[in-house]
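Reader: Hey, got a minute to walk me through this one? I'd like to start with some detail and then zoom out.

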Amino acid sequence: MHLGLDLGTSGVKAVLLGDSGKVVAQASVPIPISHPHPSWSEQDPEDWWHAAFTAIGKLRPDHDLFQVRGIGVSGQMHGAVLLDAGDRVLRPAILWNDGRAHAECVALEAAEPRSRAITGNLAMPGFTAPKLLWVREHEPDLFALVRRVLLPKDWLRLRMTGEAISDMSDAAGTLWLDVGARRWSQEMLAATGLFESHMPGLAEGTEVAGRLRAEIAANWGLRAGIPVAGGGGDNAAGAVGVGCVAPGQAFVSLGTSGVVFVADEAFLPEPDRAVHAFCHCLPNMWHRMSVILSAAASLAWLTRATGADVEATLLAELANDTLASDGRLVFLPYLSGERTPHNNAAATGVFFGLVGSHTRADLTRAVLEGVAFALADGLDALEARGERVDSLIAIGGGASSELWLRILAAALWRPLRTVLGGDVGSALGAARLARIACGEGSVADVCVAPPTAAEFLPDADLSMRLAPRRDLFRRLYPALRELYAG
């Protein structure tokens, strides 16, 4: 067996991958998140460690974890875990959806004018490097104590193995990596007042990047010294989990954030469209992503705001005839700012077109459609080079809603399919990377697409009915841009 650990924003998920390649068990544990100020998003790394320990503990009663031969790790990208000379955490980790460092993005690109050419990406507040500039400016005494900066999953690796190592896909999201060359950039580090000594070592996701320490193995019920693979950032690992490993293969994720992901055989940066171009967690592979910051998070917000008990309650209220509405109610899902294609941390969520007759079900429809429209904007940005994405696998918690997938297929005008195990894509991908790192199969052997669970073809009638609202959606952001700036 192989163990996959995925450190998400909302929780840690652990999966056991059997020798047949199937998931034999899974467990998850939630993690609290803190928003001490508007646009701030932080977590305590100790909560990650406790959640990982608890998730593995849930697997132990029914499975002999001593049979696990390797561990893979995946996790939320871009987070900043700051450590002192003794590897002690100096402050809560600043997360990927934290928007405080917008001014530092401007300063970073001014300090290194070749930033976009080196990294392949716009400087965005969610990335790691601007966060360190913010700490240097606003917490200078603490910044002076920083001796190491780790990404979230790599802090877990440090605790598990004693090794400070990151994989290429996660490191690509820091703005410190020369993404085409797959090495740390001295220029980008210098622009934030750091040196390569502050960075972890680098490994491919399929390589051994540490071995499990004896004391941790004893606590978890595993064998000491088993390999811990390089792993991957959550989306790259998710791609491995659903078999998105060849050029042109794509998936759409309806998780806390929303992603359209395309695998590439070469580095194809498009920073001017706010498209992310990162290393894949597989050797000699890259990928592009469009990202929205609030996908399933938008539905979770509406659930809380309207007093519903669970999100399923809102979905159940939304009758099929509501989808046929010709109204003008539109939702901009910018609850945490936005990335692709607008790159605006100051953008906020908006309901436009509300009238007194609208119901909670109408709000739900608008939220589902707004997320779908935002993802469609992202797909447009990815296809601007001319390469068409013919079909996509749908993953993430939101993909459990057939209703949402019908809307998304109509908005994207692309066929979607779900796969068995798509709900554990990143953790499954991490376990697959562990299997490869242990020498128990090649990428082609291990990273196969799971069987199709369901397929959703674009509904021409629904797409036609959505078209006026999508047009209104596209017009709203330009109309509000100056107000957001104010």
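Reader: Leaving out residues up to four places away in sequence, what does Ser463 touch?

Author: Ser463 touches Ala410 and Trp413. Keep in mind that this is a predicted model.

Reader: OK. And where does Ser463 sit, and is it buried or exposed?

Author: Ser463 is part of helix α18, which covers residues 460-485. The residue is buried, with a relative accessible area of 18%. The cut-off for buried is under 20%.

Reader: What about the helix that Ala410 is in: how many of the residues of α15 are buried?

Author: Nine of the eleven residues in α15 (residues 402-412) are buried, so the helix is mostly covered. Ala410 is one of the buried ones, and Leu403, Trp404 and Ile407 are among the others.

Reader: And Trp413, the other partner, where is that?

Author: Trp413 is in the loop between α15 and β23 (416-419). This tryptophan comes just after α15, and it is partly exposed, with a relative accessible area of 42%.

Reader: What's its backbone doing there, positive or negative phi?

Author: Positive, at about 55°, although Trp413 is not a glycine. In general, most residues other than glycine have a negative phi.

Reader: Which other non-glycine residue could you show me with a positive phi?

Author: Ser39 is one, with a phi of about 75°. You'll find Ser39 in the loop between β3 (23-30) and β4 (42-43). Ser39 is partly exposed, with a relative accessible area of 41%.

Reader: While we're on backbone, is the peptide bond from Thr340 to Pro341 cis or trans?

Author: That bond is cis, and its omega is near 0°. Most peptide bonds are trans. Pro341 belongs to the loop between β20 (330-332) and β21 (350-352).

Reader: Changing topic: His78. Buried or exposed, and where in the chain?

Author: Buried, with a relative accessible area of just 4%. His78 is in the loop that runs between β5 (70-75) and β6 (81-83).

Reader: Which side chain does His78 make a polar contact with?

Author: The side chain of Arg339, at 3.3 Å.

Reader: And what else is His78 in contact with, skipping its neighbours within four places in sequence?

Author: Quite a list: Ile94, Trp96, Gly126, Phe127, Thr128, Lys131, Leu151, Asp170, Gly173 and Phe278, along with Arg339 again.

Reader: Nice. Zooming out now, how many helices and strands are there in the protein chain?

Author: There are 18 helices and 24 strands. The radius of gyration is 21 Å, close to the 23 Å that the globule rule gives for 486 residues, so the chain is as compact as a globular protein of that length.

Reader: What box do the C-alpha atoms fill?

Author: Roughly 65 × 50 × 45 Å, taken along the principal axes.

Reader: How much of the chain counts as buried, and how much area does it expose?

Author: Of the 486 residues, 59% count as buried. The chain exposes about 17,800 Å², and carbon and sulfur atoms supply 52% of that.

Reader: What share of the contacts with a separation of 6 or more comes from residues 24 or more positions apart?

Author: Those pairs account for 73% of them.

Reader: Last one: how many positive and negative side chains are there?

Author: There are 42 positive and 54 negative ones, and the centres of the two sets lie 1 Å apart.

Definitions and conventions
Residues numbered from 1 in each chain as written. Predicted model: local features only at pLDDT ≥ 70, side-chain atom pairs only at ≥ 80, totals over all residues. Heavy atoms only, no water. Helix = DSSP H or I, 4+ residues; strand = E, 2+ residues; numbered from the N terminus. Rg over C-alpha atoms; globule rule 2.2 N^0.38 Å. Buried < 20%, exposed > 50% of the residue type's maximum accessible area, 1.4 Å probe, protein only. Contact = heavy atoms within 4.5 Å. Areas by Shrake-Rupley, 256 points an atom, 1.4 Å probe, with all protein chains shown as cover. Lys, Arg positive; Asp, Glu negative; His and termini not counted. Charge placed at Lys NZ, Arg CZ, Asp CG, Glu CD. Polar contact = N/O pair within 3.5 Å; in protein donor to acceptor, adjacent residues only side chain to side chain.
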